[in-house]
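Open your viewer, load the model and switch on the cartoon view. This tour tells you what to select at each stop and what you will find there.

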Amino acid sequence: MPHITVRGVPEQELRDLAPALKQAVVSAAQVNPDYVKVFYSPVRRVDQAEEVAVDVYWMPRPQELCDSVAQAVTSFWQERGKGFVQVTFTEFPGPHFYENNQHF
């Protein structure tokens, strides 16, 4: 954990950048890279211009860690020419996360 879902970026661009994005999150969150996954979302904004939106799905973390990850993700995309980056954290309690029928 965390799982990173990105929208507002073409799928192939995200595929190309996923290893570097994953590393940025690993460094900022100080987590095992084996647990970080990057997902593409085909959801598109239709009422205005497309923007980059990133959802970080994980168990509750301290505000300082959220701030660090948000900064790393925002910087990552802005360094690649994306002007606006939204980062949202979706948290869930460990007992609600199962892998192979075992919760954390």
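The stops below go from the whole chain to the core and then out to the loops and the chain end.

**Stop 1: the whole chain**

Keep in mind from the start that this is a predicted model. Colour by secondary structure and you should find two helices and six strands. Followed along the sequence, they come in the order β-α-β-β-α-β-β-β.

Now turn the chain around to judge its dimensions. The C-alpha trace spans about 40 × 25 × 25 Å along its principal axes. The radius of gyration is 14 Å, which agrees with the value near 13 Å for a compact globule of 104 residues. Of the contacts with a separation of 6 or more, 75% are between residues 24 or more positions apart.

Next, switch on the surface. About 6,300 Å² is exposed, and carbon and sulfur atoms supply 50% of that area. Buried residues make up 38% of the chain. If you colour by charge, look for 9 positive and 13 negative side chains; the centres of these two sets lie 4 Å apart.

**Stop 2: the largest nonpolar core**

Hide the surface and select Ile-4, Val-6, Val-54 and Trp-77. Among the 28 residues of the largest nonpolar core, these four touch the most other members. Which elements give two or more residues to this core? They are strand 1 (3-7), helix 1 (11-29), strand 3 (52-58) and helix 2 (63-78). Helix 1 gives the most, with eight residues. As background, nonpolar side chains tend to be buried together in soluble globular proteins.

Keep Trp-77 selected and show what surrounds it. Leaving out residues up to four places away in sequence, Trp-77 touches Val-6, Val-9, Glu-13, Leu-14, Leu-17, Leu-21, Val-52, Val-54, Lys-82 and Val-85.

**Stop 3: Val-52**

One of the residues that Trp-77 touches is Val-52, so select that residue next. Val-52 lies in strand 3. Is it buried or exposed? Val-52 is buried, because its relative accessibility is 2% and the cut-off for buried is under 20%.

With the same sequence neighbours left out, Val-52 touches Val-6, Arg-7, Gly-8, Val-9, Trp-77, Lys-82, Phe-84, Val-85 and Gln-86. For a distance to draw, join the C-alpha atoms of Val-52 and Pro-33: they are 19 residues apart along the chain and separated by 23 Å.

**Stop 4: His-3**

Go to strand 1, where you will find His-3. This residue is buried, with a relative accessible area of 14%. Show its contacts beyond the neighbours within four places in sequence: Tyr-35, Lys-37, Phe-39, Asp-55, Val-56, Tyr-57 and Phe-97.

**Stop 5: the loop between helix 1 and strand 2**

Select Gln-30 and Asp-34, which both need a look here. Gln-30 sits in the loop between helix 1 and strand 2 (37-40). Its relative accessibility of 66% makes Gln-30 exposed. Check the backbone too: Gln-30 has a positive phi of about 55°, although it is not a glycine. Most residues other than glycine have a negative phi.

Asp-34 lies in the loop between helix 1 and strand 2 as well. Asp-34 counts as exposed, at 62% relative accessibility. Measure from its C-alpha atom to that of Arg-61, and you should read 18 Å for a pair 27 residues apart along the chain.

**Stop 6: the last strands and the chain end**

Move on to Asn-101, in the loop between strand 5 (98-99) and strand 6 (102-103). Asn-101 is exposed, with a relative accessible area of 70%. Its phi is near 70°, a positive value in a residue other than glycine.

Finish with Phe-104, in the segment after strand 6. Is Phe-104 buried or exposed? It counts as exposed, because its relative accessibility is 51% and the cut-off for exposed is over 50%.

Beyond its neighbours within four places in sequence, Phe-104 is in contact with Met-59, Gly-94, Pro-95, Phe-97 and Glu-99. To close, draw a line between the C-alpha atoms of Phe-104 and Met-59: they are 45 residues apart along the chain and separated by 9.6 Å.

Methods: Residues are numbered from 1 along each chain as its sequence is written. This is a predicted model: local features need pLDDT of at least 70, side-chain atom pairs count only at pLDDT 80 or more; totals for chains, interfaces and linings use all residues. Side-chain values use heavy atoms; hydrogens and water are left out. A nonpolar core is a set of buried Ala, Val, Leu, Ile, Met, Phe, Trp, Tyr and Cys residues joined through side-chain atoms within 4.5 Å. Buried means under 20% relative accessible area, exposed over 50%, partly exposed in between (1.4 Å probe, protein chains only). Helices (H or I, at least four residues) and strands (E, at least two) are DSSP runs, numbered from the N terminus. Contact means heavy atoms within 4.5 Å. The radius of gyration is taken over C-alpha atoms; the globule rule is 2.2 Å times the number of residues to the power 0.38. Accessible areas come from the Shrake-Rupley method with a 1.4 Å probe; for residues, only the protein chains shown count as cover. Lys and Arg count as positive and Asp and Glu as negative; His and the chain ends are not counted. The place of a charge is taken as NZ of Lys, CZ of Arg, CG of Asp or CD of Glu.
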